[in-house]
Amino acid sequence: MSQIKKVPISELFNLKGIPSTVTMTVFQGGSPYIPTIQKDYVFNKDVVRDIRAFLISPNDDALYITGPTGSGKTSAVLQMAARLNWPVQSITAHGQMEFADLLGHHVLVSNEGQEPVMEFMYGPLPRAMKLGHILLINEIDLMDPAELSGLNDVLEGRPLVITANG
């Protein structure tokens, strides 16, 4: 992703009462992982402030957004990312989800006229880290805490080691 320009957040998110000196960087380039803009989406000033603060300075930590079902937690992140032209790797957690689902798996790949081979396909976590995307894990509280502990090293700023792909 390369920088286009800094744009006032009042303009980006249609928010009133915010000085034009408060800006965010909008990126250029296309990606199938950039969410689609919902033109009628209404941003909450406090939510924009909190997500903006995290995106500017994550401090080797994660952003945990909580609230009732249907309150717009996921939509807020996706719509901010859409307007910033920032790709998102999104996955919804569940009780049977394993850390390996975030990392990726070996799959059988068959190219026309060639023998099938096993190839490692990266999951949303390494793709987000490698490409500078936002990683959005919906319903993370449904995932087994023992499986989530695999995120500790990454959240503490250490490199991601994927033993499954050597």
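Helices here are DSSP runs of H or I with at least four residues and strands are runs of E with at least two, both numbered from the N terminus. With that in place, let me start at the end of one helix: α3 is followed by Asn85, whose phi is positive, near 60°. Before going on, I should say that this is a predicted model, in which local features need pLDDT of at least 70 and side-chain atom pairs count only at pLDDT 80 or more, while totals for chains, interfaces and linings use all residues. Residues are numbered from 1 along each chain as its sequence is written, and side-chain values use heavy atoms, with hydrogens and water left out.

Now the overall picture. The protein has 7 helices and 6 strands, and from the N terminus on they run β-α-β-α-α-β-α-β-β-α-β-α-α. Along its principal axes the C-alpha trace spans about 60 × 40 × 30 Å. Of the 166 residues, 34% are buried, where buried means under 20% relative accessible area, exposed means over 50%, and partly exposed lies in between, with a 1.4 Å probe and protein chains only. If we take contacts, meaning heavy atoms within 4.5 Å, between residues at least 6 apart in sequence, 66% of them join residues at least 24 apart.

Back to α3, then. The expected span of a helix is 1.5 Å times one less than its number of residues, so the 12 residues of α3 should span 16 Å, and the 17 Å between its end C-alpha atoms agrees with that. Among the buried residues of α3 are Ala76, Val77, Met80 and Leu84, and what covers the buried residues of this helix includes α1 (9-12), β2 (23-28), α2, β3 (88-92) and β6.

Which other residues have a positive phi? Most residues other than glycine have a negative phi. Asn14, in the loop between α1 and β2, has a phi near 55°, and Asn14 is exposed, with a relative accessible area of 59%. Glu139 also has a positive phi, near 55°; Glu139 lies in the loop between β6 and α6 (145-148) and is partly exposed, at 45% relative accessible area.

On the other side of β6 in sequence, His133 sits in the loop between α5 (124-131) and β6 (134-138), and counts as buried because its relative accessibility is 12%. Its side chain makes a polar contact of 3.0 Å with that of Gln89, a polar contact being a pair of N or O atoms within 3.5 Å in which, within protein, one must be able to donate a hydrogen and the other to accept it, and residues adjacent in sequence count only if both atoms are side-chain atoms. Leaving aside residues up to four places away in sequence, His133 touches partners including Tyr33, Trp86 and Ala128.

Finally, Asn152 belongs to helix α7 and is partly exposed, at 39% relative accessibility. Asn152 and Thr36 are 116 residues apart in sequence and 31 Å apart in space, C-alpha to C-alpha.
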